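The following exchange asks how structural terms are justified for one protein chain. Each answer sets a value against a definition and then draws the conclusion.

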Amino acid sequence: MPTINIADLSPVQLQSYLHFVIAPRPICLASTVDKAGNVNLSPFSFFNFFSTNPPICIFSPSRRVRDNTTKHTLENVKEVPECVINIVNYDMVQQTSLSSVEYPLGVNEFIKSGLTPVPSQLVKPPRVAESYVQLECVVNEVIELGQSYGAGNLVLAEIKLIHISDAVLGEDGKIDQAKMDLVARLGGDWYCRVTKDNLFKVAKPNIRIGIGVDALPYAIRNSRILTGNNLGQLGNLETIPTDEAIEAFALTPEIKEVLDATIGDSQTRELQLHLKAKQLLELERVEEALMVLLME
């Protein structure tokens, strides 16, 4: 396993490593204006949501590792402390990439990329019509992390208005995660797309106290079939099932079939029960999966 000393790397080399491993990164397509009213549009993958109250997003127009110059976005938010953070979806990812081209000062990337500007309600920079969600923000502070090649500049943007397209709302009026069709940045030329097929849920542990993986019997913790993710699911249960519950579940047809087929063969029974438990875990029938595992 290689170990790399950061002191031995150039900023370009270090950036290449980190872009590949700290990923995927959401993309902030930031629109800004300078004091003369010139519009700029540029994407940043050094971006995330950091506070709910107040609602703060942070993105970082870093100094270029190539020549230590700064981006027009950074200069703009210092002159006019406002921006719109436009969330990037798959249908606009190529135009978003095009807007990252280092056009000369004064060139409007909306025009170059073909994206559509829409007037904002509270701030001067326009919104991007193609974005499903647009956040109008005021810039509270810009924190410089250094003045050398690759140094970041944290733009603390407080959200004042949120515009949401009807296209991503479900019947309940809330955002449907599957409809967002988000994209995120990886290393090099790589991106990823969040589609319905690759979405999954993980039960939040902060709403209850899980028993923990250490509370599971040795044979379960060292299963040849179960993965670390499976053990994490089991450890998130609040309690160990009772003997009565286990006995009742053993009488159900789907479990009784496994037990009857493996009478007198403990090794095969263990294997089949673990395979059945894994199947139940994939269906998010977590408590039932643990009951199966405790039947050994």
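Q: Why is Lys112 called partly exposed?
A: In this predicted model, the relative accessible area of Lys112 is 44%. Partly exposed covers the range between under 20%, which is buried, and over 50%, which is exposed. The value of 44% lies in that range, and therefore Lys112 is called partly exposed.

Q: Where is Lys112 found, and with which residues is it in contact beyond its neighbours within four places in sequence?
A: Lys112 is found in helix α4, residues 109-113. Leaving aside those neighbours, Lys112 is in contact with Leu98, Tyr103 and Val107. Contact here means heavy atoms within 4.5 Å. As for Ile207, it is 95 residues from Lys112 in sequence and 48 Å from it in space, C-alpha to C-alpha.

Q: What makes Leu18 eligible for a nonpolar surface patch?
A: A patch takes residues with over 30% relative accessible area and no salt bridge, and Leu is among the nonpolar side chains. Leu18, which lies in helix α1 (residues 11-21), has a relative accessible area of 38%. Because 38% is over 30%, Leu18 meets the area condition. The patch is made by Ile4, Tyr17, Leu18, Phe20, Val21, Ile22 and Trp190, and its area is about 760 Å².

Q: How do you know that Arg63 has no salt bridge?
A: A salt bridge requires a side-chain nitrogen of Lys or Arg within 4 Å of a carboxyl oxygen of Asp or Glu. For Arg63, the nearest side chain of opposite charge is Glu144, and it is 5.4 Å away. That distance is not within 4 Å, so Arg63 has no salt bridge, although it is buried. Arg63 is placed in the loop between β5 (55-59) and α2 (72-79). Its contacts outside the neighbours within four places in sequence include Asn68, Thr69, Gln147 and Asn153.

Q: Why is the link between Arg127 and Glu136 called a salt bridge?
A: The N to O distance between these side chains is 3.9 Å. The cut-off is 4 Å, so the pair of Arg127 and Glu136 counts as a salt bridge. Both Arg127 and Glu136 are buried. A search of the whole structure finds eight salt bridges.

Q: What makes Glu254 part of a network of salt bridges?
A: Glu254 forms a salt bridge with Lys276, the closest N and O atoms being 2.9 Å apart. This pair links distant parts of the chain, with Lys276 in helix α10 and Glu254 in helix α9 (residues 253-261), 22 residues apart. Glu254 also forms a salt bridge with Arg285, at 2.7 Å between the closest N and O atoms. Here Arg285 is in the loop between α10 and α11, 31 residues from Glu254. Both distances are within 4 Å, so both pairs count. The network links Glu254, Lys276, Arg285 and Glu288.

Q: Lys276, Glu254 and Arg285: which are buried and which partly exposed?
A: Lys276 has 15% relative accessibility, which is under 20%, so it counts as buried. Glu254, at 28%, is partly exposed. Arg285, at 29%, counts as partly exposed.

Q: What makes the phi values of Asp181 and Glu284 worth noting?
A: Phi of Asp181 is near 50°, a positive value in a residue other than glycine. Glu284 has a positive phi of about 65° and is not a glycine either. Asp181 is in the loop between α5 (177-180) and β11, and Glu284 is in the loop between α10 (266-282) and α11 (286-293).

Q: How do you know whether Asp181 and Glu284 are buried or exposed?
A: Asp181 has a relative accessible area of 13%, which is under 20%, so it is buried. Glu284 has 54% relative accessibility, which is over 50%, so it counts as exposed.

Q: Why are β1 and β12 called edge strands?
A: Three strands form an open sheet in the order β1-β11-β12, with antiparallel pairing. The strands β1 (25-26) and β12 (191-193) each pair on one side only, and they are the edge strands. Strand β11 (residues 183-185) is joined to β12 by three bridges.

Conventions
Residues are numbered from 1 along each chain as its sequence is written. This is a predicted model: local features need pLDDT of at least 70, side-chain atom pairs count only at pLDDT 80 or more; totals for chains, interfaces and linings use all residues. Side-chain values use heavy atoms; hydrogens and water are left out. Patches are made of residues with over 30% relative accessible area and no salt bridge: like charges are joined within 9 Å, nonpolar side chains (Val, Leu, Ile, Met, Phe, Trp, Tyr) within 5 Å. Accessible areas come from the Shrake-Rupley method with a 1.4 Å probe; for residues, only the protein chains shown count as cover. Helices (H or I, at least four residues) and strands (E, at least two) are DSSP runs, numbered from the N terminus. Buried means under 20% relative accessible area, exposed over 50%, partly exposed in between (1.4 Å probe, protein chains only). Lys and Arg count as positive and Asp and Glu as negative; His and the chain ends are not counted. Two strands pair if DSSP finds at least two bridges between them.
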